[in-house]
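Hi,

Here is the structure I promised to pass on. Have a look at it first, and then read on for what turned up.

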Amino acid sequence: MSSSFPTKRLRRLRKSEKMRNLVQEVLFSANDLICPVFVQENLKERNVVKSMPDIIRLPLEDLTGEIEKIKELKIPAIMLFGIPAKKDDAGTGSFVDDGIVQKAISQVRQNFGDNIVIMADVCLCQYTSSGHCGILRENKIDNDASLKTLAEIALSQARSGVDIVSPSAMMDGQVKAIRQILDDNGFTDVGIMSHSAKHRSSFYNPFRDAADCAPQFGDRKTYQVPFTNPREAMREIESDITEGVDIVMVKPALAYLDLIAETKRIHNIPISAYSVSGEYALVKAASQLGWINEIDIMTEILYSIKRAGADMIVTYFAKKMASNLSK
């Protein structure tokens, strides 16, 4: 029976793979990925992280081979995390010239030049005996003392050849302090990708196994953003932009897609999202039990983060996603 009005059939644009490809709105490529890499000082052989299947702590000697694999997958950037042999109250191992991350940066720069973007985490939790992200005074975080140390970490990484430093300690003023010390020492081309809206989240727990950085007492509620406070998260992002950040980050990703979208709507700045260890571990665990298809769920999650507005994604699925995209 005919109608005077045309029938809307959105299915017309879904009838074949070529048609679906033609009208695809969100595109994803390996260029959107940043691959985390863990390097441990004095490690003799690769160490699998039990709570994060397929994620490995690397000896420094294995780093070049790992970066070669990442490069072959056309992933443009890595995020380096270091696990030191010794920890102390001042987190000294985080900023010494021969620290594990500093050695790793130098090695990657020497072997790969500008063929991969080197990013490095700027935090203290892996290096302090307390496991907290800042310097403690009477069991409380001293924000300003922590800023000085974070700036020293960033400077040491710049001297080693890093492209982008990535402060994740959530200290007030960390971007300004880092930008100033980098500029004062001639490293004006080193960028800053701040973990701007880093939330107090249970999704980080497997990372604490990987980086050996669980707090030895208390928690991080006094310096990470409550997941109940979206306006506060946006204020953190605005603060980092004011202080001169080059890329902002929302972290975790999957449970905070609204904040990624809001950041995209309000600000004209590159946005990174960190699909964190808990997001990865949940998918891996359900997949190992046969409850889900790992590739399908991984792909849907990462596309959702890109769809929300992220320009780049730090993810433990980086290599698997890049490999799948190449097919």
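Bear in mind that this is a predicted model. I'll begin with helix H11, residues 318-326, where Ala 318, Met 321 and Ala 322 are buried. Looking down the axis of H11, you'll find its buried residues within an arc of 100°, so they line one face of the helix. That fits the usual geometry: an α-helix has 3.6 residues a turn, so residues three or four places apart point the same way. What do the buried residues of H11 pack against? Their partners are strand E1 (33-40), helix H10 (294-308) and strand E12 (312-315).

E12 brings us to its neighbour, strand E11. E11 and E12 run parallel and are joined by 4 bridges, with Ser 275 having Thr 315 in E12 as its bridge partner. E11 covers residues 271-275, and 5 of its 5 residues are buried. Both of its faces are covered: Ile 271, Ala 273 and Ser 275 sit on one side, while Ser 272 and Tyr 274 sit on the other. E11 also pairs with strand E10 (residues 247-251), again in the parallel sense, over 3 bridges. In that pairing, Val 250 is opposite Ala 273. To get from E10 to E11 the chain goes through helix H8 (residues 257-266), and this β-α-β crossover is right-handed.

Two charged side chains also deserve a look. One is Glu 279, in helix H9 (residues 277-288). Glu 279 has a relative accessibility of 5%, so it counts as buried. What does its side chain find there? There is a polar contact with the side chain of Ser 275 at 2.9 Å, and a polar atom of the Glu 279 side chain lies 3.3 Å from the backbone nitrogen of Leu 254. Setting aside neighbours within four places in sequence, Glu 279 is in contact with Phe 203, Pro 252, Ala 253, Leu 254 and Tyr 274. So Glu 279 touches on E11 twice over, since Ser 275 and Tyr 274 are both among the buried residues of that strand.

The other is Arg 179, placed in helix H5 (residues 174-184). Is Arg 179 buried or exposed? Buried, because its relative accessible area is 12%, under the 20% cut-off. Its side chain reaches the backbone oxygen of Phe 187 at 3.2 Å. Beyond four places in sequence, the contacts of Arg 179 include Phe 187, Thr 188, Val 190, Glu 243 and Asp 246.

Let me know what you make of it.

Cheers

Notes. Residues are numbered from 1 along each chain as its sequence is written. This is a predicted model: local features need pLDDT of at least 70, side-chain atom pairs count only at pLDDT 80 or more; totals for chains, interfaces and linings use all residues. Side-chain values use heavy atoms; hydrogens and water are left out. Helices (H or I, at least four residues) and strands (E, at least two) are DSSP runs, numbered from the N terminus. Buried means under 20% relative accessible area, exposed over 50%, partly exposed in between (1.4 Å probe, protein chains only). A polar contact is a pair of N or O atoms within 3.5 Å; within protein, one must be able to donate a hydrogen and the other to accept it, and residues adjacent in sequence count only if both atoms are side-chain atoms. Contact means heavy atoms within 4.5 Å. The arc is that of the directions from the helix axis to the C-beta atoms. Two strands pair if DSSP finds at least two bridges between them. A crossover is right-handed if, with the strands pointing away from the viewer, the path from the first strand over the helix to the second runs clockwise.
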